[in-house]
Amino acid sequence: MPRWLVLVLAAAIAAGGGYELGQMSTQRGVLPLMALLVGAAGVVVMLGDVRAALWSTIGVIALLPFAVVPIHLGLTLTLLEVASIATIGTWFVTLMLHRDQRLATGAPALLIGLLLAETAFAFLIGVTNGYSMTTFHDYGKFLLAVLLVFVVWNVASDLTEARRLMNALLLAGGAAAFLGLVLYAGGASLTFKVLARLIPYGYPSSAIVRYIEDNPAKAMRLTSTSVDPNSFGGLLAVMTVLACAMAIGRHRAISRWVSVPVLGLCGSAALLTFSRGAWVGIAAGIAVLALLRFRWLIVPGALAALAMAAFGLGAEFVHRFWLGITLQDPATKLRLREYENALAIIRDHPFFGVGFGNAPSINQQTGVSSIYLSIGERVGLIGLAIFLITMLVIGLTGLRAWRRRVETPEGEMLLGLLAALSSALTVGVFDHYYFNITFPHMAALFWIICGMILALAAPGRTRRSRASTDGVLRARQDRDLPGRERGNARRPGERASGSGFL
């Protein structure tokens, strides 16, 4: 983005927030003011570099997904919203000003656009079902989250940028897991004390400390700054699978100094969320890694599971998981009632759903712990079909590209991203956070993963790789030829000179 445009935008931000800054310094103290100034500087940086904007967005997704900007300009914006707008806006301006930048196109782009159009249509036809200003605002944040897929698709255009983006994901996830483990180790008192300080910035003032079945007599659940242990478990499931793929990869696409600690932190934190959906998602992602590439994981994994069962290690986790699969605990029974209710809504409104508000009937209630049933009741079976086809196309695109580049760093990252996507889709069977307008950070994480798959699988990347490979082969062939033959050797397609006929 041109510097003059960045300076103009920075001046506009300063002019618009000057009064609020003065009020904040007198009402809330110096620290919030300093934090806001740092945030404003960050916005200026994001407006100048789309990569920095995208990394900042990932940091907000992992560490402060519900924080709001403490400046009220008619609408309370979240940090994620500001970061997403800055990222998309900077990318769009860059796309317009640089002719060498091209918008990613193809079947996946068409399907994602069609999915967004379907959600917009369902949103409009359901506008009479108890919408509020919050509903409109949340849907706008959801749209921004999905649009990030196109930014990632374009930004991660080469191996260097893809590695940087992967590092940003892993470091942000590891930081969130580390913070959650520290709070968990400090117990309910430390967790409450720290998270209560976020209440003035949009965080909930109730249910700050979470327990199994909301019963303080049972084990506390790790949430970090993500409020909900199940949504945080979904984030950790994706990060754990990504870190595992990078840690066991042969070509070290990402340094093991990053991937191994992140794997330990995210895996441990995921256990302490007591989110069974996250546990199953991690198992599914690692199964994809084992079946497609690392079959040596199967036997050690099975032996470790048997050893844990034999020696009673992790008995509390095993017991909670057993209660879930045998449908014995209240949370699982509640989910079953939600599934029945969602199926009834889909049966009554099969094509376009009921939108993003309340159910039209007082005997029904929207909201279900399944991404697939949630899509079905919100945007109908047509929207669900488009979503499933989109996931199938993205998955097959990534799988075909991975098969062409198995023994490369790009192939390792592709496999890790495909396993992470499989993990997210598995978690989606039991939770709805990846397609929920009140959890836009989870939707953003989901579509960032999809965007990275599409970027690494781009056809242009394959052509560039072949060109560079052909150049290396030609250089080696010329090097191996005797001196006189090396000078007379022709490249493929090069016409012979006149002296060649003498």
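I take buried to mean under 20% relative accessible area, and I keep to that cut-off throughout these entries on a predicted model.

**Entry 1, helices α13 and α4.** With that cut-off in hand I went through α13 and found that its buried residues are Thr-332, Arg-335, Glu-338, Tyr-339, Asn-341, Ala-342, Ala-344, Ile-345 and Ile-346. I then checked the length of α13: its 19 residues should span 27 Å at 1.5 Å a residue, and its end C-alpha atoms are indeed 27 Å apart, so the two values agree. I did the same for helix α4, residues 79-97, which has 19 residues and reaches 27 Å from its first C-alpha to its last, close to the 27 Å expected. The buried residues of α4 include Leu-80, Glu-81, Ala-83, Thr-90, Trp-91 and Leu-95.

**Entry 2, the cores.** I looked next for the largest nonpolar core, which has 119 residues, and I noted that Met-166, Leu-169, Leu-170, Leu-242, Phe-387, Phe-446 and Trp-447 have the most contacts inside it. The element that gives the most to this core is helix α16, residues 440-456, with 14 residues. Apart from this core lies another, of 5 residues, and I recorded Tyr-339, Ala-342, Val-368 and Leu-373 among them; Tyr-339 and Ala-342 were already on my list of buried residues in α13. Returning to Leu-169, and not counting residues up to four places away in sequence, I saw that it touches Ile-58, Met-239, Leu-242, Leu-445, Ile-448, Ile-449 and Met-452.

**Entry 3, Asn-167 and Ser-259.** I followed Asn-167, which is found in helix α7, residues 159-196, and Ser-259, which lies in helix α9, residues 256-272. Their C-alpha atoms are separated by 8.6 Å, although the two residues are 92 apart along the chain. Which of the pair is buried, by its relative accessible area? Ser-259 is, because its value is 0%, whereas Asn-167 has 24% and therefore counts as partly exposed. Leaving aside neighbours within four places in sequence, I found Asn-167 in contact with Ile-254 and Val-258, and Ser-259 in contact with Ala-243, Met-246, Ala-247 and Ile-254.

**Entry 4, a surface patch.** Finally I turned to the surface, where Phe-121, Ile-125, Phe-351, Phe-352 and Ile-382 make a nonpolar patch of about 440 Å². I placed Phe-352 in the loop between α13 (330-348) and α14 (371-404), and I noted that it counts as partly exposed because its relative accessibility is 32%.

Conventions:
Residues are numbered from 1 along each chain as its sequence is written. This is a predicted model: local features need pLDDT of at least 70, side-chain atom pairs count only at pLDDT 80 or more; totals for chains, interfaces and linings use all residues. Side-chain values use heavy atoms; hydrogens and water are left out. A nonpolar core is a set of buried Ala, Val, Leu, Ile, Met, Phe, Trp, Tyr and Cys residues joined through side-chain atoms within 4.5 Å. Buried means under 20% relative accessible area, exposed over 50%, partly exposed in between (1.4 Å probe, protein chains only). Helices (H or I, at least four residues) and strands (E, at least two) are DSSP runs, numbered from the N terminus. Contact means heavy atoms within 4.5 Å. Patches are made of residues with over 30% relative accessible area and no salt bridge: like charges are joined within 9 Å, nonpolar side chains (Val, Leu, Ile, Met, Phe, Trp, Tyr) within 5 Å. Accessible areas come from the Shrake-Rupley method with a 1.4 Å probe; for residues, only the protein chains shown count as cover. A salt bridge is a side-chain nitrogen of Lys or Arg within 4 Å of a carboxyl oxygen of Asp or Glu. The expected span of a helix is 1.5 Å times one less than its number of residues.
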